[in-house]
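Work through the three exercises below with the coordinates at hand, and compare each step with the solution that follows it.

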Protein chains: 2
Amino acid sequence: MMSQKDAFDLQNFLPYLLNQAAEESSLAFQQVYRDRYGMLRTEWRVLFHLGLYGRLTAKEIGTRSKMHKTKISRAVQRLEERRFLTRAPDEADRRQEYLDLTVQGHAAYRDLHAVAHRYDAALADTLTPEEERILRAALRKLARMA
Amino acid sequence: MMSQKDAFDLQNFLPYLLNQAAEESSLAFQQVYRDRYGMLRTEWRVLFHLGLYGRLTAKEIGTRSKMHKTKISRAVQRLEERRFLTRAPDEADRRQEYLDLTVQGHAAYRDLHAVAHRYDAALADTLTPEEERILRAALRKLARMA
DNA sequence: TGTTAACGGTTGATTTTGTAACTAACAACA
DNA sequence: TGTTGTTAGTTACAAAATCAACCGTTAACA
């Protein structure tokens with residue numbers, strides 16, 4: 001017989017807990033970029049990187065976001081089609097191209113950035129300041145595990 | 001101009017942080033159930049629920065795990081094909097059927113349960129006891145937000 | 001009872017992701 | 001220069017997730 005205190009169930013499994021929290025907390029925000037701009041998560045992320053750091057190549061977005069290059073390639077394609085960004089060939093190295101947000105892209109970025117900021121604050125509000133601080137630190141640690 | 005202290009980037013966005021931590025922490029364990037038993041995450045979850053709680057209907061697994069019913073239906077199908085579980089019709093209500101692990105299913109469950117337990121401990125070991133306690137509490141809060 | 005609504009579960013079509021192979025451009029160096 | 005290896009990015013195909021419609025059964029209730 002397994003003793004009660006040794007009981008280990010799914011609800012205590014960190015990867016599962018993390019996943020549940022991640023899914024639940026993404027939902028409301030996902031709604032926003034989907035409904036307002038018809039974006040997928042990958043697209044919102046690419047937009048966010050460009051809005052935050054300015055002109056980048058797909059490669060640079062990849063190293064910063066750890067997204068796979070095919071995801072980025074497809075997100076860029078869709079963002080270009082919908083006129084959220086433009087591509088500028090790099091004359092010095094014609095393998096890569098620079099990505100820039102259009103005016104419309106910037107507007108979407110600013111809007112979503114503000115929503116994200118408020119949403120993050122609302123999430124944090126359900127936690128005590130100590131919980132919030134430690135949660136963020138612990139998540140960073142776990143994310144950097146590889 | 002945005003002030004530095006107001007800087008809000010993706011790395012500070014809780015849903016993003018949660019997602020990164022969840023993905024990273026799932027990876028190594030995913031390897032195990034994929035390589036040893038050819039299972040998908042949905043299948044491992046169904047297996048885990050049955051191993052932990054015993055006989056359940058698909059519906060019950062759904063309410064406990066919050067997985068969509070089509071995911072469960074397909075996971076059950078594959079687990080049945082591979083002889084990890086059997087279905088027993090409910091004579092009282094013929095819409096539903098009871099799911100039971102086979103001997104082989106139990107063996108896989110026990111094996112994976114042990115691995116998960118050890119893996120969870122290893123993850124927790126990268127955190128201080130206080131961090132661990134607060135992390136788990138905070139994750140549970142966030143997961144219950146809806 | 002008969003009719004309608006709800007439920008558990010499955011199926012098929014569509015979308016999205018993952019994997020590998022590919023193209024074009026550049027770098028290294030004999 | 002020519003050959004070989006790398007790199008940035010795309011494409012094709014397979015695997016998986018999502019969504020809506022569906023089937024057979026049970027519940028509700030006139």
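The exercises concern a predicted model and treat a helix pair, a sheet and the relation between two chains.

**Exercise 1.** Determine how helix H2 and helix H3 of chain A are oriented to each other, and which residues make their contact.

Solution. The axes of H2 (residues 41-53) and H3 (residues 58-65) of chain A come within 11 Å and cross at roughly 100°. Because angles of 65 to 115 degrees count as roughly perpendicular, H2(A) and H3(A) are roughly perpendicular to each other. From H2(A) the contact is made by A:Val46, A:His49, A:Leu50 and A:Tyr53, and from H3(A) by A:Ile61, A:Arg64 and A:Ser65. Sorted by class, this contact of H2(A) with H3(A) has 4 nonpolar, 2 polar and 1 charged residues.

**Exercise 2.** Establish the strand order of the sheet in chain A and identify its edge strands.

Solution. The open sheet is formed by 3 strands in the order S1-S3-S2, with antiparallel pairing. Strand S1 (56-57) and strand S2 (85-89) of chain A each pair on one side only, and these are the edge strands. Between S2(A) and S3(A) (residues 97-101), the antiparallel pairing extends over 5 bridges, and A:Thr86 stands opposite A:Asp100 in S3(A).

**Exercise 3.** Find what rotation relates chain A to chain B, and through which surface the copies meet.

Solution. Chain A is superposed on chain B by a rotation of 179° with 0.0 Å of shift along its axis, at an RMSD of 0.2 Å. The two copies are thus related as by a two-fold rotation axis. Among the residues of chain A, A:Leu135 comes closest to the rotation axis, with its C-alpha at 2.6 Å. Since 98% of the interface residues of chain A are also interface residues in chain B, the copies meet through the same surface.

Terms used:
Residues are numbered from 1 along each chain as its sequence is written. Chains are lettered from A and ligands numbered from 1 in the order in which they are written. This is a predicted model: local features need pLDDT of at least 70, side-chain atom pairs count only at pLDDT 80 or more; totals for chains, interfaces and linings use all residues. Side-chain values use heavy atoms; hydrogens and water are left out. Axes are lines fitted to C-alpha atoms, for helices over the stretch in contact, and angles run from 0 to 180 degrees between N-to-C directions. Helices (H or I, at least four residues) and strands (E, at least two) are DSSP runs, numbered from the N terminus. Angles under 35 degrees count as roughly parallel, over 145 as roughly antiparallel, 65 to 115 as roughly perpendicular and the rest as oblique. Contact means heavy atoms within 4.5 Å. Ala, Val, Leu, Ile, Met, Phe, Trp, Tyr, Cys and Pro count as nonpolar, Asp, Glu, Lys and Arg as charged, and the others, Gly among them, as polar. Two strands pair if DSSP finds at least two bridges between them. Copies are superposed by least squares on the C-alpha atoms of residues with pLDDT of at least 70 in both.
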